[in-house]
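Work through the exercises below with the model open. Each task is followed by a worked solution.

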Amino acid sequence: MRHAGLRATPGRSKPSGTVDTDVDRGDGMILLRTSKVVLTAGLAVFAFLVTFGNLTDYGSNWMFMHHVLAMDTIFPDSSVKWRAIRSEEAQRTAYALIILAEGLTCLAFALASVMMARAVTASRAAFQRAKSFTAVGGMLGFLTWFVGVMTIGGEWFAMWQSEIW
């Protein structure tokens with residue numbers, strides 16, 4: 001039966017135009033949502049372990065950062081050595097900002113995981129809202145590891161030229 005002014009949507013018992021406030025408990029939807037929680041939690045674990053490693057093994061990781069920024073292990077005749085940052089204060093500041101970004105990435109993914117886990121059986125709108133910190137974590141992780149490490153470290157500071165790092 002059709003409601004006045006509303007079209008039926010194939011595969012749904014409700015006419016389109018109505019608000020979906022029901023809890024979606026279909027097995028497929030629960031599995032999909034649970035997989036999103038697990039994947040996001042996995043990203044939180046990764047970011048946590050990287051942050052934890054940088055804090056608990058600060059000296060080893062500091063040496064890596066120092067040599068990358070100082071560019072003292074790249075090809076001896078490289079024409080890009082002028083990009084080096086030799087100030088230890090500037091190097092330590094950069095390292096602290098990286099650790100902070102890693103920690104914030106972990107926090108965002110952990111928060112998103114908890115929020116999504118709590119909303120696994122909630123309405124679509126509630127689960128959608130619960131995913132918001134996943135985007136924050138993804139953005140922070142992308143900026144930290146792709147832009148920061150791969151692009152700036154790898155290309156600008158020529159990390160690829162070092163046989164050591």
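A residue is buried when its relative accessible area is under 20%, with a 1.4 Å probe and protein chains only. The model is predicted.

**Exercise 1.** Decide whether Ala-158 is buried or exposed, and describe its backbone.

Solution.
- Locate the residue: Ala-158 lies in the segment after α5.
- Apply the cut-off: Ala-158 has a relative accessible area of 1%, so it is buried.
- Check the backbone: Ala-158 is not a glycine, yet its phi is positive, about 50 degrees.

**Exercise 2.** Do the same for Met-71: is it buried or exposed?

Solution.
- Locate the residue: Met-71 sits in the loop between α2 and α3, and it follows α2.
- Apply the cut-off: the relative accessibility of Met-71 is 2%, so this residue is buried.
- Check the backbone: Met-71 has a positive phi of about 55 degrees and is not a glycine.

**Exercise 3.** Test the length of helix α2 against its residue count, then find what its buried residues pack against.

Solution.
- Count: α2 covers residues 58–70, which is 13 residues.
- Predict: the expected span takes 1.5 Å times one less than the number of residues. For α2 that gives 18 Å.
- Compare: the end C-alpha atoms are 17 Å apart, which agrees.
- List the buried residues of α2: Trp-62, Met-65, His-67, Val-68, Leu-69 and Ala-70.
- Find their partners: these buried residues pack against α3 and α5.

**Exercise 4.** Describe how α1 packs with α3.

Solution.
- Choose the descriptors: two packed helices are described by the angle between their axes and the distance between the axes.
- Read them: α1 (residues 27–56) and α3 (residues 88–118) pack at about 155 degrees, with axes 8 Å apart.
- Classify: over 145 degrees counts as roughly antiparallel. So α1 and α3 are roughly antiparallel.
- Give the hand: the crossing of α1 and α3 is left-handed.
- Inspect the contact: α1 contributes residues including Val-37, Ala-44 and Phe-48, and α3 contributes residues including Tyr-95, Cys-106 and Phe-109.
- Sort by class: the contact of α1 with α3 has 16 nonpolar, 6 polar and 2 charged residues.

**Exercise 5.** Repeat the analysis for α3 and α5.

Solution.
- Read the geometry: α3 and α5 pack at an angle of about 155 degrees, and their axes are 8 Å apart.
- Classify: α3 is therefore roughly antiparallel to α5.
- Give the hand: α3 passes α5 in a left-handed crossing.
- Inspect the contact: Leu-104, Phe-109 and Met-115 are among the α3 residues, with Phe-133, Gly-137 and Trp-145 among those of α5.
- Sort by class: the contact of α3 with α5 holds 13 nonpolar, 7 polar and 1 charged residues.

Note on methods
Residues are numbered from 1 along each chain as its sequence is written. This is a predicted model: local features need pLDDT of at least 70, side-chain atom pairs count only at pLDDT 80 or more; totals for chains, interfaces and linings use all residues. Side-chain values use heavy atoms; hydrogens and water are left out. Axes are lines fitted to C-alpha atoms, for helices over the stretch in contact, and angles run from 0 to 180 degrees between N-to-C directions. Helices (H or I, at least four residues) and strands (E, at least two) are DSSP runs, numbered from the N terminus. Angles under 35 degrees count as roughly parallel, over 145 as roughly antiparallel, 65 to 115 as roughly perpendicular and the rest as oblique. A crossing is left-handed if the near helix is turned anticlockwise from the far one by less than a right angle, and right-handed if clockwise. Contact means heavy atoms within 4.5 Å. Ala, Val, Leu, Ile, Met, Phe, Trp, Tyr, Cys and Pro count as nonpolar, Asp, Glu, Lys and Arg as charged, and the others, Gly among them, as polar. Buried means under 20% relative accessible area, exposed over 50%, partly exposed in between (1.4 Å probe, protein chains only).
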